[in-house]
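Reader: I am new to this structure and should be grateful for a close look at a single part of it. Please begin with one pair of residues and work outwards from there.

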Amino acid sequence: MSAGPAMRRSAAARTLHMVALTGLAIVVAFPVYWMIVLAMTPLGFSRQITSILPSDLTFDNFASLVVERPMLRWLWNSTLVATLSSGISMLIGLSCGYALSRLRFRGSYVVLVLVLASQMVPSTSILVPLYTLFMDLGLLNTIHGVVIGHISLVLPLAIWMSKGFFDSLPEELEGAARLDGCSRLGALWFVAIPLVSPGLAAIFVYGFVTSWNDFLFPRHFVQSENLWTAAAGLTSFRGEYFTLFEPQMAASIVFAFPVVVLFFFLQRRMVSGSLTGGVK
Amino acid sequence: MAPIKITSLRKAFNAVEVVHGVDITVEDGEFCVFVGPSGCGKSTILRMVAGLEGVTSGEIRLGDRLINDLPPKDRDIAMVFQNYALYPHLTVEDNIGFPLRMRGVDREVIRAEVRRVSEIIGLQDLLARHPRQLSGGQRQRVAMGRAIVRNPQAFLFDEPLSNLDAQLRVQMRTQIRELHQRIRTTTIYVTHDQVEAMTMADRIVVLKDGHVEQSGPPLEIYDRPANAFVARFIGSPSMNLFTGALTEQGVRLDDGAVLPLPKRYGATGTAQYGVRPEHLEIVEIGTPGSFEAEVAVVEPTGAETMIFARRNGQDVTATFRMRPAVKPGDRVALKPDVDTIHLFGETGRLD
């Protein structure tokens, strides 16, 4: 009897919980659903919405991406830019992070703070200085210009992340490796890198997604449509007076797909816990 | 195998000097234990011998070679770390074989060597496991296996047993000792546990605040500690020390009791009178040369009975083979065995 009100309250709380979670799920999932619906309906559907269900289904929008626009080319550019910029950021971040974590040198703290400060500058505010710099260096309208621009976006956090991973690795492991016949570099290669590899995967994914999603640099540093990345390409559906929503949504799906696949394959590598048992 | 000779070794971190000109020689094949309270510099010295820490000044020689500036990999020294430092991503077999692999030894030879070593340390059935699948004692043995597989000129142990439970610690102590008797490699073993030092060492080096306080065989250090610090640090339970004025009759304590001396000492002034717990006997109250104390706790361990008493606010410990009929609250008179007492002045031992 005394349990009655408590039970009722918990049932009410559970219902409230369910309602809130369902509402949240709808808020999160609806844009994705709407993107898919628009992508698969004939041109003009979005202008005369009568139902949230599609009336006709078509794949024309996807076909038009390849036929009317260089979408495959853009995706290839994106893949190139994202892979190169995140890969290079990962390598530089790895060596910088290792040095900042393991070597004692004057000014290391200042370096760390400066690196962090550069992360705090919004990319929009460095766009114009970078533009003039790239103009002088002849990097405008090139793929490698965009790669370098993206490295500058990704690297500060990559360095910090990598330093954190090395900090969490007990120094004795490398000490043991050095006594066992490794040079410093050997200890890094044979012992430290295998153990921080989940962290390196995380840095790679972070860099890849940042570069893949960035629209600012490719759109402003590159004039020729052929060299655009997919993110910049997405804006080509938007004209001065109207936007081709349906093909744009089809392009958005194609654009989002590689990142989802990348996450799917790398998530297992990113799960840590591989350190257990080495020390203590 | 080779002797290790450390001469005027100093180590400073920025402006702070932590090792102040230390001289230690570890003979060929000797098992030498560095012991001291935490912060005494024992691990720092060990890491300098290993090459993981730079030398500020002084010399470290392994055999005839000056190894100060050699990278760790070229020193031919193996080390067992306090936290084992096993490679978590490698199996036991690959952990033990790692030093050989790094030296480019043939794969088949590595397999054979790993097998040989794993039999010595009793891990032959666990070779395929990863470190996370092993118990603490097994991990410890893998770390030892990795050290012995390459026949180094010297072994270094940095508090290797401090992460194990008491029973396993005693067991591993014996195993390490046995292993050393079998392979006779020059060994430096660092610990803060003086029981480990006493039971394992051929020679003990007692360190404090970056200085060597005393160095010698365990029983010599136990029987003739060079100063009050060593006297108190070595031995369990530790030595009773009473501070008083040195007079012709003996050491006069502040409550008037006079503790007897075996002979006359020329010196005068303040002295510390040391007597080990096993060198006290219970006598009739009022016996000359005895002092009174109030029993606080009686601890029978079976073989011995330990009595913790209090004299003028100071703790006194005494151990007895026989089982004295005293209980907490009793007043007893304790008399030091005058031939075994220790007397320390400000600079050290007085005889």
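Author: In this predicted model, the place to begin is B:Asp158, whose bridge partner in E8 of chain B is B:Val190. The two strands concerned are E7, residues 154–158 of chain B, and E8, residues 186–191 of chain B. E7 and E8 pair in the parallel sense, over 5 bridges.

This pair of strands belongs to a wider arrangement. Chain B has an open sheet of 6 strands, which follow the order E6-E7-E8-E3-E9-E10 with mixed pairing. At its edges are strand E6 (77–80) and strand E10 (211–216) of chain B, each of which pairs on one side only. From one strand to the next, the twist averages 20 degrees.

A helix may be considered next, namely H5 of chain B, which covers residues 166–183. This helix has 18 residues, and at 1.5 Å a residue it should span 26 Å; the end C-alpha atoms of H5 are indeed 26 Å apart, so the expected and the computed spans agree. Just after H5 of chain B comes B:Arg184, which takes a positive phi of about 50 degrees.

The edge strand E6 leads from the sheet to the contact between the chains. That contact takes 26 residues from chain B and 22 residues from chain A. On the side of chain B that touches chain A, E6 and helix H2 (92–102) of chain B each supply at least two residues. Sorted by class, this side of chain B has 18 nonpolar, 4 polar and 4 charged residues.

Chain A, the partner in this contact, carries a UniProt annotation from an unreviewed entry, "domain: ABC transmembrane type-1", for residues 75–266. Over residues 75–266, chain A is 79% helix and 0% strand, and the end C-alpha atoms of that stretch lie 20 Å apart.

It remains to place the opening pair within chain B as a whole. The domain assignment divides chain B into domain 1 (4–229) and domain 2 (238–349). Taken over C-alpha atoms, the centres of domain 1 and domain 2 of chain B are separated by 38 Å. Between these domains, 4 residues of domain 1 of chain B are in contact with 7 residues of domain 2 of chain B. The side of domain 1 of chain B that touches domain 2 of chain B has 3 nonpolar residues, 1 polar residue and no charged residues.

Note on methods:
Residues are numbered from 1 along each chain as its sequence is written. Chains are lettered from A and ligands numbered from 1 in the order in which they are written. This is a predicted model: local features need pLDDT of at least 70, side-chain atom pairs count only at pLDDT 80 or more; totals for chains, interfaces and linings use all residues. UniProt positions are given in the numbering used here, feature names are shortened, and annotations may be inferred rather than shown by experiment. Helices (H or I, at least four residues) and strands (E, at least two) are DSSP runs, numbered from the N terminus. Two strands pair if DSSP finds at least two bridges between them. Axes are lines fitted to C-alpha atoms, for helices over the stretch in contact, and angles run from 0 to 180 degrees between N-to-C directions. Two residues are in contact if their C-beta atoms, placed from the backbone, lie within 7 Å. Ala, Val, Leu, Ile, Met, Phe, Trp, Tyr, Cys and Pro count as nonpolar, Asp, Glu, Lys and Arg as charged, and the others, Gly among them, as polar. The expected span of a helix is 1.5 Å times one less than its number of residues. Domain bounds come from an automatic or database domain assignment.
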